[in-house]
Amino acid sequence: MVRPTSVKALSKYRIWLEFDDGVSGEVDLSDMAGSGVFKIWDEPGYFDKVHIAPHRAIAWDDEVELCPDSLHWELASKADGATAPAVPLASQDA
């Protein structure tokens, strides 16, 4: 199981991610911004709060988090030209 080692917020709803297997890169999340639980990203400074949660998720709080495995697949597939499967990136705890 790969683990994220670093995450950094970039402009325009993008993040930079690094994983312990050497995969790294930029992920554009702008298609999720402004809808559902991701509306919170529109609040000034909120998107910059991205961090790695203790359970490996890429998170902003307990309700807004992304699956690190899906993000890893997206970055790895960009590197090798593969097409990523349709895996949900977001989760919301009830």
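A residue counts as buried when its relative accessible area is under 20%, as exposed when it is over 50%, and as partly exposed in between. Keep that scale in mind on this tour of a predicted model.

**Stop 1: the whole chain**

Start with everything shown as a cartoon. You should find 1 helix and 7 strands, which follow one another along the sequence as β-β-β-β-β-β-α-β. The protein has 94 residues, and 35% of them count as buried. If you switch on the surface, its accessible area is about 5,500 Å², with 52% belonging to carbon and sulfur atoms. Among contacts with a separation of 6 or more, 41% join residues 24 or more positions apart.

**Stop 2: the open sheet**

Now select strands E1 (4–10) and E2 (14–19), then add strand E3 (24–28). Together they make an open sheet of 3 strands in the order E1-E2-E3, with antiparallel pairing. Which are the edge strands? They are E1 and E3, each of which pairs on one side only. Turn the view to look along the sheet: the twist averages 20 degrees from one strand to the next.

In general, strands of a sheet pair through backbone hydrogen bonds, either parallel or antiparallel. Here, E1 and E2 are joined in the antiparallel sense over 6 bridges. To see residues facing each other, select Pro-4 and Phe-19, since Pro-4 stands opposite Phe-19 in E2.

**Stop 3: a turn at Tyr-13**

Next, pick Tyr-13, which sits in the loop between E1 and E2. Its phi is positive, about 60 degrees, although Tyr-13 is not a glycine. Is Tyr-13 buried or partly exposed? With a relative accessible area of 23%, Tyr-13 is partly exposed, because buried would require a value under 20%.

**Stop 4: the aromatic cluster**

Keep Tyr-13 selected and add Phe-38, Trp-41, Phe-47 and Trp-60: these five residues form one aromatic cluster. The structure as a whole holds 6 aromatic pairs. Begin with Trp-41 and Phe-47, whose ring centres are 5.0 Å apart and whose planes stand at 85 degrees, so this pair is edge-to-face. Trp-41 is buried, at 2% relative accessible area, and Phe-47 also counts as buried, at 7%.

From Phe-47, move on to Trp-60. These two rings make a tilted pair, 5.5 Å centre to centre with 35 degrees between the planes. This pair links distant parts of the chain: Phe-47 lies in the loop between E3 and E4, Trp-60 in the loop between E5 and strand E6 (65–66), and the two are 13 residues apart. Both Phe-47 and Trp-60 are buried.

**Stop 5: Arg-56**

Select Arg-56, in the loop between strand E4 (51–52) and strand E5 (58–59). Arg-56 is not a glycine, yet it has a positive phi of about 85 degrees. Its relative accessibility is 11%, so Arg-56 counts as buried.

**Stop 6: His-72 on the helix**

Finish on helix H1 (residues 68–80), where you will find His-72. At 12% relative accessibility, His-72 counts as buried. Which residues does His-72 touch, not counting those up to four places away in sequence? Show Val-2, Phe-19, Asp-21 and Val-23, and you have its partners. One of them, Phe-19, takes you back to the sheet, where it stands in E2 opposite Pro-4.

Notes
Residues are numbered from 1 along each chain as its sequence is written. This is a predicted model: local features need pLDDT of at least 70, side-chain atom pairs count only at pLDDT 80 or more; totals for chains, interfaces and linings use all residues. Side-chain values use heavy atoms; hydrogens and water are left out. Helices (H or I, at least four residues) and strands (E, at least two) are DSSP runs, numbered from the N terminus. Buried means under 20% relative accessible area, exposed over 50%, partly exposed in between (1.4 Å probe, protein chains only). Contact means heavy atoms within 4.5 Å. Accessible areas come from the Shrake-Rupley method with a 1.4 Å probe; for residues, only the protein chains shown count as cover. Rings of Phe, Tyr and Trp (its six-membered ring) pair if their centres lie within 6.5 Å; planes under 30 degrees apart count as stacked, over 60 as edge-to-face and the rest as tilted. Two strands pair if DSSP finds at least two bridges between them. Axes are lines fitted to C-alpha atoms, for helices over the stretch in contact, and angles run from 0 to 180 degrees between N-to-C directions.
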